[in-house]
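Dear colleague,

I am passing on to you the structure we spoke of, with its sequence, and below it I have set out what was found around the ligand. Please look at the structure first and then read on.

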Amino acid sequence: MSTTFTMLKPDAIANGYMGAILDHIIKAGFKIKAMKYTRLTAERAGEFYAVHKERPFYNDLVKYMSSGPIVAAILEKDNAVEDFRKTIGATDPAKAEAGTIRKLYAKSIEANAVHGSDSDENAAIESSFFFSMTERF
Ligand code: CMP
């Protein structure tokens, strides 16, 4: 078993998709190890996405990710990082495969409904950004 980290982003929550997306994730075989309904300050959002600091979309991304509540979660499954990226689909929902979370629930490349870690190393870093070891079950 391995784990990955996800966030249901502000657009997913604002559009009323929190329950549907969590249901999709659970039905795809992921077990929730930790979960938090919270909101990022601009400072925390900037820190989370610091790896994208030089990208042209960074400032807008920070503003957007701190614009409303999110759900942060740690998910467990065999091959969790890769399988979850398949479950959510391409970053740009227009390019995401049919049946993926982004195809079903996202509207734009920025407001793309969910985040999924891109490696085991980043899954560990991102999980620790939100959760202590005692908050994982
Ligand atoms: P995420 O997988 O969370 O990682 C970085 C985020 O930046 C991405 O999803 C999008 O929400 C956002 N983003 C905005 N514009 C772009 C872009 N042109 N390319 C990639 N990511 C973008």
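The shell of residues around the ligand in this predicted model divides into 4 nonpolar, 4 polar and 3 charged residues. By name, the residues that surround the ligand are K9, Y49, H52, F57, L61, T91, R102, I109, E110, N112 and H115.

Three of these residues deserve a separate word for their contacts with oxygen atoms of the ligand. Y49 places a polar side-chain atom 2.6 Å from a ligand oxygen, and R102 has a polar side-chain atom 3.4 Å from an oxygen atom of the ligand, whereas in I109 it is a backbone N or O atom that lies 3.5 Å from a ligand oxygen. Taken alone, the ligand would expose 450 Å², and the protein buries 80% of that area.

As for where the ligand is found, it sits in the largest pocket, whose volume is about 650 Å³. This pocket is lined by 22 residues, of which Y49, H52, F57, L61 and H115 are the closest to its centre. The elements that contribute two or more residues to the lining are α3 (42-48), β4 (114-116) and α7 (120-130), and the largest share, 4 residues, comes from α7. Sorted by class, the lining of the largest pocket holds 8 nonpolar, 6 polar and 8 charged residues.

With kind regards

Terms used:
Residues are numbered from 1 along each chain as its sequence is written. This is a predicted model: local features need pLDDT of at least 70, side-chain atom pairs count only at pLDDT 80 or more; totals for chains, interfaces and linings use all residues. Side-chain values use heavy atoms; hydrogens and water are left out. A residue is near a molecule or strand if one of its heavy atoms lies within 4 Å of it. A polar contact is a pair of N or O atoms within 3.5 Å; within protein, one must be able to donate a hydrogen and the other to accept it, and residues adjacent in sequence count only if both atoms are side-chain atoms. Accessible areas come from the Shrake-Rupley method with a 1.4 Å probe; for residues, only the protein chains shown count as cover. On a 1 Å grid over the protein atoms alone, a cavity is a set of points where a 1.4 Å probe fits but cannot get out, and a pocket is an open set with protein on both sides within 12 Å along at least five of seven lines; lining residues have an atom within 4 Å of a point. A molecule sits in a cavity or pocket if more than half of its atoms lie within 2 Å of its grid points. Ala, Val, Leu, Ile, Met, Phe, Trp, Tyr, Cys and Pro count as nonpolar, Asp, Glu, Lys and Arg as charged, and the others, Gly among them, as polar. Grid points are joined across faces, edges and corners, and a volume is the space filled by probe spheres set on the points.
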